[in-house]
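Welcome! Here is a short guided look at one protein chain, arranged by topic so that you can follow along in the viewer.

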Amino acid sequence: MISALALLLALIFSALAAVHVYWACGGRKWQSIAIPERPVKNDASSMEQAFQPGKSGTLAVAAVLFMIAGMAGMRGGWFGSAMEYPGLRAVLALVAAAMLLRAIGDFRLVGFFKKIRTTRFARMDTLAYSPLCCALGLGLAALAWPPCILC
């Protein structure tokens, strides 16, 4: 059972990483709904992107996502027997916590408890991104749990 969960998580994290590589290579599809928006400083009726992602930062995010996919695979036994290393489980637990915190959000632009809810990003965040982060966090927590509840 743990290998099926590991496979699912690895596929999802790999797909997310591939989208980031696509963006870093100049792709624009889905980018307009992937970056939080905030009100313009002197014009509260207009919105602007909260940040401008650079190519190197986007590739760094992709690399981290690919590493998480690899760690899920290691835990699932893709590279020999399922790895029981406490260090691997600890890193997976930290990533799980980060994903769950992302789902909760910053109480401003992202997460279930965000204040800005009317932008295209905010709607996608409510419908897809935050629930996905929550599911990924719970899945990684299950992989990291020392007495693996799914074994």
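Arg-38 is a good place to begin: with a relative accessible area of 28%, this residue is partly exposed. Please keep in mind that you are looking at a predicted model. From Arg-38 we move on to the salt bridges, then to a pair of helices, and finally to some aromatic residues in loops.

**A salt bridge between two strands**

- The side chain of Arg-38 meets that of Glu-48 in a salt bridge, with 3.2 Å from N to O.
- Arg-38 belongs to strand 1 and Glu-48 to strand 2 (residues 43-49), so this contact ties together parts that are 10 residues apart in sequence.
- Like its partner, Glu-48 is partly exposed; its relative accessible area is 29%.

**A network of charged side chains**

- How many salt bridges does the count come to? The count is 3, and the two not yet described both involve Asp-125.
- One of them pairs Asp-125 with Arg-102, whose closest N and O atoms are 2.6 Å apart. This pair links distant parts of the chain, as Asp-125 sits in helix 4 and Arg-102 in helix 3, 23 residues apart.
- The other pairs Asp-125 with Lys-114, and here the closest N and O atoms are 2.9 Å apart. Lys-114 is found in the loop between helix 3 and helix 4, 11 residues from Asp-125 in helix 4.
- Through these shared partners, Arg-102, Lys-114 and Asp-125 are joined into one network.
- Is Asp-125 buried or exposed? Asp-125 has a relative accessible area of 0%, so it counts as buried, the cut-off being under 20%.
- Lys-114 is also buried, at 3% relative accessibility, whereas Arg-102, at 22%, counts as partly exposed.

**Two helices side by side**

- Helix 1 (residues 2-24) packs with helix 2 (residues 55-76) at an angle of about 165°, and their axes are 8 Å apart.
- Because of that angle, helix 1 is roughly antiparallel to helix 2, a term used for angles over 145 degrees.
- The crossing of helix 1 and helix 2 is left-handed.
- Within helix 1 you can find Phe-13, a buried residue with a relative accessible area of 0%.
- Phe-13 and Ala-135 are 122 residues apart along the chain, and their C-alpha atoms are separated by 12 Å.

**Aromatic residues in loops**

- Which residues make the nonpolar surface patch of about 490 Å²? They are Leu-101, Ile-104, Phe-107, Phe-112 and Phe-113.
- Phe-112 is located in the loop between helix 3 (86-104) and helix 4 (120-144), and counts as partly exposed at 32% relative accessibility.
- Phe-107 also lies in the loop between helix 3 and helix 4. At 47% relative accessibility, Phe-107 counts as partly exposed.
- The phi angle of Phe-107 is near 65°, a positive value in a residue other than glycine.
- Trp-30, too, has a positive phi, of about 70°, although it is not a glycine.
- Look for Trp-30 in the loop between helix 1 and strand 1 (37-40); with a relative accessible area of 45%, Trp-30 is partly exposed.

Conventions
Residues numbered from 1 in each chain as written. Predicted model: local features only at pLDDT ≥ 70, side-chain atom pairs only at ≥ 80, totals over all residues. Heavy atoms only, no water. Patch = residues over 30% accessible without salt bridge, like charges linked within 9 Å, V, L, I, M, F, W, Y side chains within 5 Å. Areas by Shrake-Rupley, 256 points an atom, 1.4 Å probe, with all protein chains shown as cover. Salt bridge = Lys/Arg side-chain N within 4 Å of Asp/Glu carboxyl O. Helix = DSSP H or I, 4+ residues; strand = E, 2+ residues; numbered from the N terminus. Buried < 20%, exposed > 50% of the residue type's maximum accessible area, 1.4 Å probe, protein only. Axes fitted to C-alpha atoms, helices over the stretch in contact; angles between N-to-C directions. Parallel < 35°, antiparallel > 145°, perpendicular 65-115°, else oblique. Left-handed = near helix turned anticlockwise from the far one by under 90°.
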